[in-house]
Amino acid sequence: IMKKWDAKKYDMLLLSYHGIPQARVDHGDPYYKECLETSKLIEQHLTTIPENQRQTVFQSKFGPAPWLKPYLRDRLNELANLGKRKILLATPSFVVDSLETIEEDNVQNYQTFRSQGGEVLDMVPPVNNDPRFSKMLANLAKKNLETKG
């Protein structure tokens, strides 16, 4: 995140998580609290990004029921209308690229943001883009095999 942030002048960093229906959280699902805790832990390493330029949002809503808010698409529209035209988007709950998020973020959300006057919507690559992530997975698998074997 910092590498991308430092390379350009952004107005806002959005940490976007996959949404779930609000009813699941209301019935005890800890996902929402876990997302907020993850954002808090990430933000401890984002010391040069002012707190008022960071926000947690949720994406991939479908169906008529309310999902976790704020919705990414709505927030992008609000930011563009507030003159925040350069946004950096990180997706901590998406560890790999998927067709869903590539199409949703790089096409739908990008087009929506641009139609409201947004200029830049850059994505932080998911962790599968970093060889250290693969090494960590291999080390976890090896450790797990050693403890069971």
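Buried means under 20% relative accessible area, exposed means over 50%, and partly exposed is anything in between. Keep that in mind for the close-ups below, which come from a predicted model.

**View 1. Val127 sits in a loop and counts as partly exposed.** With a relative accessibility of 40%, Val127 falls between the two cut-offs, so it is called partly exposed. The loop that carries Val127 links strand E4 (120–123) to helix H6 (131–148). Together with Val95 and Val96, Val127 makes a nonpolar surface patch of about 210 Å².

**View 2. Four strands line up in an open sheet.** Reading across, the order is E2-E1-E3-E4, and the pairing is parallel. E2 and E4 are the edge strands: each has a single partner, so one side of each has no neighbour in the sheet. From one strand to the next, the twist averages 30°. As a bit of background, strands of a sheet pair through backbone hydrogen bonds, either parallel or antiparallel.

**View 3. Strand E1 is flanked by E2 and E3.** Here E1 covers residues 12–18, and 6 of its 7 residues are buried, so the strand is largely enclosed by the rest of the structure. E1 runs parallel to E2 (residues 54–59), with 6 bridges joining them. To find one of these, look for Tyr17, whose bridge partner in E2 is Phe58. E1 also runs parallel to E3 (residues 86–90), this time with 4 bridges. Met12 has Ile87 as its bridge partner in E3.

**View 4. E3 meets the edge strand E4, and helices pack on the sheet.** E3 and E4 pair in the parallel sense over 4 bridges. Leu89 is a handy landmark, with Met123 as its bridge partner in E4. Helix H3 (residues 31–43) packs on the sheet and touches E1 and E2, and its direction makes about 145° with that of E1. Helix H5 (residues 99–115) packs on the sheet too, touching E1, E2, E3 and E4, with its direction at about 165° to that of E4.

**View 5. Helix H4 has several buried residues.** H4 spans residues 72–81, and its buried residues are Leu72, Arg75, Leu76, Asn77, Leu79 and Ala80. In an α-helix there are 3.6 residues a turn, so residues three or four places apart point the same way. What covers the buried residues of H4? The cover includes E1, E2, E3, H5 and E4. Just after H4 comes Gly83, which takes a positive phi of about 85°.

Conventions: Residues numbered from 1 in each chain as written. Predicted model: local features only at pLDDT ≥ 70, side-chain atom pairs only at ≥ 80, totals over all residues. Heavy atoms only, no water. Buried < 20%, exposed > 50% of the residue type's maximum accessible area, 1.4 Å probe, protein only. Helix = DSSP H or I, 4+ residues; strand = E, 2+ residues; numbered from the N terminus. Pairing = 2+ DSSP bridges. Patch = residues over 30% accessible without salt bridge, like charges linked within 9 Å, V, L, I, M, F, W, Y side chains within 5 Å. Areas by Shrake-Rupley, 256 points an atom, 1.4 Å probe, with all protein chains shown as cover. Salt bridge = Lys/Arg side-chain N within 4 Å of Asp/Glu carboxyl O. Axes fitted to C-alpha atoms, helices over the stretch in contact; angles between N-to-C directions. Contact = heavy atoms within 4.5 Å.
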